[in-house]
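Work through the exercises below with the sequence and the model side by side, and try each task before reading its solution.

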Amino acid sequence: MARIPKRLYGPAQVATGPATVYTVPALTKTIIRHIHVSNPSGSPVTLTISIGADAAGTRILGAYSIPAAAAGVTNSIQDFFYYQIMDAAEILTLSAGTNNVLVIVVNGDEIVLG
């Protein structure tokens, strides 16, 4: 089994979606390890991340508020560290409270089976 460290998505802006941004390839497992989010705007923006079609039971972040970028604000850029395993054909979906403001990068490992 080959383990391939990989940028799975981004850097890209997040739509109001939900939009599928990554699908685990066939005969592969994926481990999401790191999600980097920045909010360069002057207003807070919510972020929702789901594994599978977006629903309350699939969310790993649900309407989580990313603070605005402003003088004295240090957390308008946030890093989330995970060990979230996804199986072949599972999807990662993203949505934001404001269209095309948040910028996100998702990193992880793909493990090719067989």
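At 62% relative accessibility, Leu 27 counts as exposed, where exposed means over 50% relative accessible area, buried under 20% and partly exposed in between (1.4 Å probe, protein chains only). This is a predicted model, in which local features need pLDDT of at least 70 and side-chain atom pairs count only at pLDDT 80 or more, while totals for chains, interfaces and linings use all residues. Residues are numbered from 1 along each chain as its sequence is written, and side-chain values use heavy atoms, with hydrogens and water left out.

**Exercise 1. Place Leu 27 in the chain and find which residues form a nonpolar patch with Leu 27.**

Step 1: Leu 27 is found in the loop that runs between strand S2 (19–23) and strand S3 (28–38); strands here are DSSP runs (E, at least two residues), numbered from the N terminus.

Step 2: On the surface, Leu 27 joins Met 1 and Leu 113 in a nonpolar patch, and together they have about 360 Å² of accessible area. Such a patch takes residues with over 30% relative accessible area and no salt bridge, nonpolar side chains being joined within 5 Å.

**Exercise 2. Work out the order of the open sheet of four strands and say which strands stand at the edges.**

Step 1: The order is S2-S7-S4-S5, with antiparallel pairing, where two strands pair if DSSP finds at least two bridges between them.

Step 2: S2 and strand S5 (59–66) are the edge strands, and because each has a single partner strand, one side of each is left without a neighbour in the sheet.

Step 3: For S2, the antiparallel pairing with strand S7 (residues 91–96) runs over four bridges, and Ala 19 has Leu 94 in S7 as its bridge partner.

**Exercise 3. Trace the network of salt bridges that contains Asp 109.**

Step 1: Asp 109 meets Arg 3 through a side-chain salt bridge (3.3 Å, N to O), the term meaning a side-chain nitrogen of Lys or Arg within 4 Å of a carboxyl oxygen of Asp or Glu. Since Asp 109 lies in strand S8 and Arg 3 in strand S1, this pair ties together parts that are 106 residues apart in sequence.

Step 2: Asp 109 also forms a salt bridge with Arg 33 (2.5 Å, N to O), and as Arg 33 lies in strand S3, the two tie together parts 76 residues apart in sequence.

Step 3: Through shared partners, Arg 3, Arg 33 and Asp 109 become one network. Asp 109 is buried, at 7% relative accessible area, whereas Arg 3 is partly exposed at 46% and Arg 33 is partly exposed at 31%.

Terms used
Patch = residues over 30% accessible without salt bridge, like charges linked within 9 Å, V, L, I, M, F, W, Y side chains within 5 Å. Areas by Shrake-Rupley, 256 points an atom, 1.4 Å probe, with all protein chains shown as cover.
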